[in-house]
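Here are my notes on the model you sent over. Have it open while you read, as I go from the whole chain down to single residues.

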Amino acid sequence: MKTKKISRCQYCHFETNEKNKICPLCSHIMDYVIGDEININPTLPEKIFLNESRNVQLGYYCFKCRKTSINKACMECNNVGSLYLLYDNKMAIINRIENLKEEFTNEEVDIILKQLTINEKHYLYHNFEGAYRFFYHKDKNKAVACFAFAAFFYYFCLDIMVNNIDGDYAFIAYIVNALGNVLLGSLIILGIWYFIDASNIEFKKKPAKVFISLAIAQSLQFIYAFIKLPSIKMELITGFIALAIGIVIYLILEIWEKKHEK
């Protein structure tokens with residue numbers, strides 16, 4: 001079997017191919033280790049038969065009919081049911097919760113996980129309310145869109161800057177140039193992140209961090225331009241220097257955050 005880096009829970013030993021710091025099942029810490037690649041089909045079966053030998057049951061719940069069933073498709077209305085877990089007369093609709101501890105105590109979660117099969121654990125893992133973020137990585141379409149908008153906005157701002165820098169409204173040229181550099185740098189960085197790991201953009205505050213870092217540097221460049229009234233060439237040069245400084249600020253914040261998480 002192929003080996004790769006996988007995540008393994010220190011407590012319940014649940015394993016995922018995706019890198020997770022917290023176990024999606026028991027909420028304990030996961031280690032990123034070398035192990036066998038997880039090759040389990042997470043697609044929910046058309047039927048989930050009751051297991052009378054245990055007191056943990058999985059099945060489907062139809063929100064329209066308000067009924068449970070072993071069939072994925074409701075026999076009365078033909079709507080697709082949602083996966084549910086039943087233990088000790090407590091039922092949790094899996095796609096309505098982030099983890100089992102929202103509905104069950106720590107002791108109950110331990111008992112539940114001991115009775116579930118590996119496949120059933122992956123059914124839960126792939127169907128939690130926040131499961132989308134576990135598997136959302138590259139988004140090439142959004143990355144390309146970011147690069148395209150970066151080029152468009154920068155060209156637009158550059159055109160305004162060139163046409164106004166020698167007139168009575170030079171300060172507008174400086175403002176627009178700073179804005180163009182912020183948009184250029186922000187969209188390029190976000191586009192790169194969409195190629196690497198889109199979840200960093202969709203589920204974290206990374207866009208705000210990028211924008212603020214670049215805006216701080218460009219604000220300083222604008223103050224310099226407002227005082228010195230540079231030529232077009234010097235305005236472009238100082239703008240790109242400020243852009244580089246903004247990127248450095250952003251990278252420092254990223255490194256600090258990574259160390260802080262540890």
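The numbered points below start with the basics and then move through the sheets, the turns and one helix residue.

1. Ground rules. This is a predicted model, in which local features need pLDDT of at least 70 and side-chain atom pairs count only at pLDDT 80 or more, while totals for chains, interfaces and linings use all residues. Residues are numbered from 1 along each chain as its sequence is written, and side-chain values use heavy atoms, with hydrogens and water left out.

2. Overall form. The chain has eight helices and seven strands; helices (H or I, at least four residues) and strands (E, at least two) are DSSP runs, numbered from the N terminus. The radius of gyration is 26 Å, well over the 18 Å that the globule rule gives for 262 residues, so the chain is more spread out than a compact globule. That radius is taken over C-alpha atoms, and the rule is 2.2 Å times the number of residues to the power 0.38. Along its principal axes, the C-alpha trace spans about 85 × 45 × 35 Å.

3. Surface and contacts. Of the 262 residues, 41% count as buried. Here buried means under 20% relative accessible area, exposed means over 50%, and partly exposed is in between (1.4 Å probe, protein chains only). About 15,400 Å² of the chain is exposed, with 60% of that supplied by carbon and sulfur atoms; the areas come from the Shrake-Rupley method with a 1.4 Å probe, and for residues only the protein chains shown count as cover. Among contacts with a separation of 6 or more, 60% are between residues 24 or more positions apart, where contact means heavy atoms within 4.5 Å.

4. The open sheet. Which order do the three strands take? They run β2-β1-β3, with antiparallel pairing. Two strands pair if DSSP finds at least two bridges between them. At the edges sit β2 (15-16) and β3 (30-36), each pairing on one side only. Strand β1 (residues 3-9) and β3 are joined by seven bridges, antiparallel, and I6 stands opposite V33 of β3. In the loop between β2 and β3 you will find S27, which has a positive phi of about 70° although it is not a glycine. S27 is partly exposed, at a relative accessible area of 29%.

5. Strand β4. Look at residues 56-62: seven of the seven residues are buried, so β4 is largely enclosed by the rest of the structure. In a regular strand the side chains alternate between the two faces of the sheet. In β4, V56, L58, Y60 and C62 point one way, and Q57, G59 and Y61 point the other way.

6. Partners of β4. With β6, strand β4 pairs in the antiparallel sense over six bridges, and Y60 has L83 as its bridge partner in β6. Strand β5 (residues 67-69) also runs antiparallel to β4, joined by three bridges; here C62 is matched with K67. The hairpin of β4 and β5 has four residues between the strands, and R66 takes a positive phi near 60° in that hairpin.

7. The second hairpin, and D88. β6 and β7 pair antiparallel over four bridges, with Y84 matched to I93 in β7. Two residues lie between these strands, and D88 in the turn has a positive phi of about 55°. D88 is in the loop between β6 (82-87) and β7 (90-93). What does D88 contact, leaving aside its neighbours within four places in sequence? The answer is N55 and E108. For a sense of scale, the C-alpha atoms of D88 and I241 are separated by 64 Å, with the two residues 153 apart along the chain.

8. H122. Is H122 buried or exposed? H122 is buried, with a relative accessible area of 5%. This histidine is in helix α2 (residues 118-127). Not counting residues up to four places away in sequence, H122 touches F14, E15, I38, I40 and P42.

9. Charges. The mean positions of the 30 positive and 27 negative charges are 3 Å apart. Lys and Arg count as positive and Asp and Glu as negative, while His and the chain ends are not counted. Each charge is placed at NZ of Lys, CZ of Arg, CG of Asp or CD of Glu.
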